[in-house]
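Colleague: Hey, got a minute to walk me through this one? I'd like to start with what sits inside.

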Amino acid sequence: LDDHAQNVAQFYCDRRDILLSAANVHLNGLAEWVVPEAGMFLWIKLLNGVSDTKALIEDKAAKANVLFVPGQSFCPMGEKSPYVRASFSTATDDDMDVAMERLASLILTESQG
């Protein structure tokens, strides 16, 4: 059981690192995040004046074929949030790179608004 748990933990660490690499390439200066120590998600705070990610993610990102969850979905009172949650558990390396590239483009478009 210990070997299995270590293998699973390493798998998710590797997935996380691939997403972080893509985020560093595409989102540098557009967003900030804290490296998660565990889990399957990266919380990304959008910068450049983006204070509400709901419409950006639910409408524009969806149309760009990118799936994120807006931070507002996790706020108990439904308040606006500059955060998005990205999953790295099942996405391919290429999908994560494309997602970060498309998110960067959306942030730039939104901030030029």
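Modeller: Sure. The largest nonpolar core has 27 residues, and those with the most contacts inside it are Leu27, Trp33, Ile44, Leu46, Phe68, Met100 and Leu103. A nonpolar core here is a set of buried Ala, Val, Leu, Ile, Met, Phe, Trp, Tyr and Cys residues joined through side-chain atoms within 4.5 Å. Buried means under 20% relative accessible area, exposed over 50%, and partly exposed in between (1.4 Å probe, protein chains only).

Colleague: Which elements each supply at least two residues of this core?

Modeller: Those are α1 (2-26), β1 (31-33), β2 (41-46), α2 (54-63), β4 (83-87) and α3 (93-112). The most comes from α3, with 7 residues. Helices (H or I, at least four residues) and strands (E, at least two) are DSSP runs, numbered from the N terminus.

Colleague: Is this a predicted model, and what else should I know before reading it?

Modeller: It's a predicted model, where local features need pLDDT of at least 70 and side-chain atom pairs count only at pLDDT 80 or more, while totals for chains, interfaces and linings use all residues. Residues are numbered from 1 along each chain as its sequence is written, and side-chain values use heavy atoms, with hydrogens and water left out.

Colleague: Okay, what's in contact with tryptophan 33?

Modeller: Leaving aside neighbours within four places in sequence, tryptophan 33 touches Leu20, Ala23, Asn24, Leu27, Leu42, Trp43 and Ile44. Contact means heavy atoms within 4.5 Å.

Colleague: Zooming out, in what order do the elements run?

Modeller: From the N terminus on, the order is α-β-β-α-β-β-α, so to speak a chain with 3 helices and 4 strands.

Colleague: And how much of the protein chain is buried?

Modeller: Buried residues make up 35% of the 113 residues.

Colleague: What about charges?

Modeller: The protein chain has 9 positive and 16 negative side chains, and the centres of the two sets lie 9 Å apart. Lys and Arg count as positive and Asp and Glu as negative, with His and the chain ends not counted. The place of a charge is taken as NZ of Lys, CZ of Arg, CG of Asp or CD of Glu.

Colleague: Changing topic: where is asparagine 48?

Modeller: Asparagine 48 lies in the loop between β2 and α2. Its phi is near 60 degrees, a positive value in a residue other than glycine. Asparagine 48 is partly exposed, with a relative accessible area of 36%.

Colleague: And asparagine 65, buried or exposed?

Modeller: Asparagine 65 counts as exposed, at 67% relative accessibility. You'll find asparagine 65 in the loop between α2 and β3 (69-70).
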